[in-house]
Every structure is written in structure tokens, then in C-alpha cells.
Amino acid sequence: MLNLVLFGPPGAGKGTQAELLAKTFELNHVSTGDLLRTEIAAKTALGIEAKRKIDKGELVPDEIVVAMIKNKLEKNKDVNGFIFDGFPRTLEQAMALDKLLDENETPVTGMLRLEVEKQEVIIRLLNRGKISGRSDDQDRSIIENRITVYCQKTLPIIEYYKPQGKHFEVNGMGSVEEIAGRLKEVVEKIR
Ligand code: B4P
């Protein structure tokens, strides 16, 4: 199985590129952001709690996110692999993912890290906020907070994957097509 983790700051292009990678390599696309937004739209108890966090630019508690991933893996046993988009976002989530994948004897193949300048992600997110109506994309201070949380809680995951030889850096600046080409090249090498 090919299991990819797509990593990067908010607005790095994870959602955009994960969709393309899922098509190219016939993978099951798992976006924790999308799963949480579905819960929010359905106004479930989980969604109400998630919305409170997301609207402030904070992370949703690990146990909620890990339970959603567990459920996804259990429901999709006959697939070529997964592309995890926006997950893991903490060290605890990275370790939980390994444990879940171990149960199916199918490890993470690689973590693809999209590198994008801070100014560029702020521009992309504010632009998306105008079109999508996503509350977490409309306020500059919330976006800044998401970037701070990314630096404090998410970036350290790199040191988890690096010693395993699973960390791959990809330039996330440029057109969607250019970046997709760079990612494809890396995946072809590690698959
Ligand atoms: P996500 O839905 O994962 O959102 P994101 O990180 O903001 O966006 P992403 O990186 O996927 O967006 P993209 O660049 O594709 O998370 C939302 C929130 O949910 C989090 O803040 C957190 O609170 C919570 N959450 C999610 N997962 C969690 C977890 N595991 N643990 C705890 N909490 C979790 O798109 C951005 C914009 O850029 C788009 O408009 C796109 O069109 C544009 N764009 C993309 N590529 C471009 C390019 N090359 N050039 C120009 N524009 C581009």
C-alpha cells in the first residue's frame, strides 16, 4: 500500500494537491479538515466542539481527530493506499497514525512537506475566505494564530519522520500544475 502524508502550513495547498495525488495514484483521500467541516454542517456534538476550536484558529483535540481517522481506515480496507491531508498535525497524532497503520501492517510510505512562504499562505487563505465563506479564513489574526499553532505543534513532527528517512521537502511556491509535477516526481521515486 502507498500511504502518503501531505504536510505544510495552513494554505500550503494540501487540499488542492491531495485531490490531484489521489487521482494520479488512485488513493483514498482523507482530509481531517473536510471531515470536521462535515460534522460542523451536520451540527453534531462533535461538530459543535470542533467549530469552537476552528473559529479561533486552534487545533481540534487529538482524540476526536484520531477517532475519525480510525473510523475511515476501518471502512476502507480494500484500497491502494491513503493520502492523509492535514493529518497528523501533532506528534501524538503521528504516533497514533503509525499504531493504526501497524494494525494493518501498512506503514507510512513518506511525508511530503510543502514549503510555502508565510506571506503567500496569508494571501491564499484571505482569497479563499472571500469565496468559500470559511470563517477561519476571513480574519487575518485567526490566520496568524493558525500559523503560530502550526510552528509550535505541527512542525516538530518533521523530527519524527526525518530519522525514519520518510521526510521529503517539496517547493510549494508556483502554479498548482508545477507543484503537482514536483510532488508526482517524489512519489514515483518512493512508491
Ligand atoms: P484544513 O482543512 O486542513 O485547512 P488548511 O490547512 O487551512 O488548508 P489547506 O492547506 O488544505 O488548503 P489549501 O492550501 O489547499 O484545516 C482547517 C482547520 O481544521 C484547522 O485550522 C484545524 O483547526 C482543524 N483541523 C484539521 N485537521 C486537524 C487535525 N489533524 N488536528 C487538529 N485539528 C485539525 O488551499 C488554500 C487556498 O490556496 C485555496 O483557496 C487554494 O485554491 C489556494 N491555492 C492552493 N494552491 C495554490 C497555488 N499553487 N497558488 C495559488 N493558490 C493556491
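Which pattern does the chain follow, read along the sequence? I traced it through the predicted model and wrote down β-α-β-α-α-α-β-α-β-α-α-α-β-α. The tally is nine helices and five strands.

**Entry: overall dimensions**

I looked up the radius of gyration next. The chain has 16 Å. A compact globule with 191 residues would have a value near 16 Å, so the chain agrees with that expectation. I then took the box along the principal axes: the C-alpha atoms fill roughly 40 × 40 × 30 Å.

**Entry: burial, surface and contacts**

I checked burial over the 191 residues, and 46% of them count as buried. The accessible surface of the chain comes to about 9,800 Å². Carbon and sulfur atoms hold 51% of that surface. For contacts, I kept pairs at least 6 apart in sequence; 73% of these join residues at least 24 apart.

**Entry: the largest pocket**

I turned to the largest pocket. I noted a volume of about 900 Å³. How many residues line the largest pocket, and which lie nearest its centre? I counted 46 in the lining, with Lys14, Arg89, Arg128, Arg134 and Arg146 nearest the centre.

I sorted the lining by residue class. The split is 17 nonpolar, 17 polar and twelve charged.

I also asked which elements supply at least two residues of this lining. Two strands appear in my list: strand 1 (2-7) and strand 2 (28-31). From the helices I listed helix 1 (14-25), helix 2 (32-41), helix 6 (118-132), helix 7 (140-154) and helix 9 (176-190).

**Entry: lysine 118**

I picked a residue in helix 6, lysine 118. Its relative accessibility is 44%, so lysine 118 counts as partly exposed, the class between 20% and 50%. Leaving out residues up to four places away in sequence, I found that lysine 118 touches Glu144 and Ile147. I also took the C-alpha to C-alpha distance from lysine 118 to tyrosine 161. The two are 23 Å apart in space and 43 residues apart in sequence.

**Entry: threonine 38**

Is threonine 38 buried or exposed? I read 53% relative accessibility, so threonine 38 counts as exposed, the cut-off being over 50%. Threonine 38 sits in helix 2. I paired threonine 38 with glutamate 19: they are 19 residues apart in sequence, and their C-alpha atoms are 17 Å apart.

**Entry: backbone exceptions**

I searched the backbone for unusual angles. Most residues other than glycine have a negative phi, and most peptide bonds are trans. I logged these exceptions.

- Phenylalanine 87 and proline 88 are joined by a cis peptide bond, with omega about 0°. I placed proline 88 in the loop between strand 3 (81-85) and helix 5 (91-103).
- Glutamate 26 has a positive phi, near 50°. I found glutamate 26 in the loop between helix 1 and strand 2. Glutamate 26 counts as exposed because its relative accessibility is 57%.
- Lysine 43 has a positive phi, near 55°. I found lysine 43 in the loop between helix 2 and helix 3 (45-54). Lysine 43 is exposed, with a relative accessible area of 66%.

Terms used
Residues numbered from 1 in each chain as written. Predicted model: local features only at pLDDT ≥ 70, side-chain atom pairs only at ≥ 80, totals over all residues. Heavy atoms only, no water. 1 Å grid on protein atoms, 1.4 Å probe; cavity = no way out; pocket = protein on both sides within 12 Å on 5 of 7 lines; lining within 4 Å. Points joined across faces, edges and corners; volume = space filled by probe spheres on them. Helix = DSSP H or I, 4+ residues; strand = E, 2+ residues; numbered from the N terminus. Nonpolar A, V, L, I, M, F, W, Y, C, P; charged D, E, K, R; others polar. Rg over C-alpha atoms; globule rule 2.2 N^0.38 Å. Buried < 20%, exposed > 50% of the residue type's maximum accessible area, 1.4 Å probe, protein only. Contact = heavy atoms within 4.5 Å. Areas by Shrake-Rupley, 256 points an atom, 1.4 Å probe, with all protein chains shown as cover.
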